[in-house]
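Me: I'm new to this structure and would love a close look at one part of it. Could you walk me through the salt bridges, and then the sheet that goes with the tour?

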Amino acid sequence: QVQLVESGGGLVQPGGSLRLSCAASGSGFSISTMGWYRQAPGIPRELVATITRGGSTNYADSVRGRFIISRDNAKRTVYLQMNSLKPEDTAVYYCNAGGLISATIGFGSWGQGTQVTVSS
């Protein structure tokens, strides 16, 4: 079973920065893509950024140029550096990971979410 644990959320003023982390635990699996999604009240969960094992990244237009996703494959951890935060970035941020638990069986896992609030 793959478990994801996020950390790093909190309250920050507009223009500030936060760094989220998400560590995968368990055994017997190989992670391919990791990513961050967010969900604000009344809005469907949306993609923020993803990163492949090889380091290829993809960003939502709303965060491109402000957020940076990175990962440490040895630590099975993905990070999200969030800069120039805006009130509209306020949401619960969820970590996601997908990969293989065998040659033919894939998995997809979500973390429990961490609250990010941007407010003065």
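Reply: Here is a walk through the salt bridges, followed by a stop at one sheet.

A short note on how to read the model comes first. This is a predicted model, in which local features need pLDDT of at least 70 and side-chain atom pairs count only at pLDDT 80 or more, while totals for chains, interfaces and linings use all residues. Residues are numbered from 1 along each chain as its sequence is written, and side-chain values use heavy atoms, with hydrogens and water left out.

Side chains of opposite charge can pair when their charged atoms come close. A salt bridge here means a side-chain nitrogen of Lys or Arg within 4 Å of a carboxyl oxygen of Asp or Glu. By this rule the count is 4 salt bridges.

A good place to begin is R38. Its relative accessibility is 6%, so R38 counts as buried (buried is under 20% relative accessible area, exposed is over 50%, and partly exposed is in between, using a 1.4 Å probe and protein chains only). R38 forms a salt bridge with E46, and their closest N and O atoms are 2.7 Å apart. E46 itself is partly exposed, at 35% relative accessible area.

R38 also forms a salt bridge with D89, where the closest N and O atoms are 2.9 Å apart. R38 lies in strand β4 (residues 30–39) and D89 in the loop between β8 (77–82) and β9 (91–100), so this pair ties together parts that are 51 residues apart in sequence. (Strands are DSSP runs of E with at least two residues, numbered from the N terminus.) D89 is buried too, at 1% relative accessibility.

Another salt bridge joins the side chains of R64 and D61, at 2.5 Å from N to O. R64 is partly exposed at 45% relative accessibility, whereas D61 is exposed at 66%. Salt bridges that share partners also link R38, E46, R66 and D89 into one network.

Now for the sheet. Four strands form an open sheet in the order β1-β3-β8-β7, with antiparallel pairing; two strands pair if DSSP finds at least two bridges between them. At the edges are β1 (3–7) and β7 (67–72), each of which pairs on one side only. From one strand to the next, the twist averages 15°, with axes taken as lines fitted to C-alpha atoms and angles running from 0 to 180 degrees between N-to-C directions.

To finish, look at β7 and β8, which run antiparallel and are joined by 6 bridges. The bridge partner of I69 is L80, in β8.
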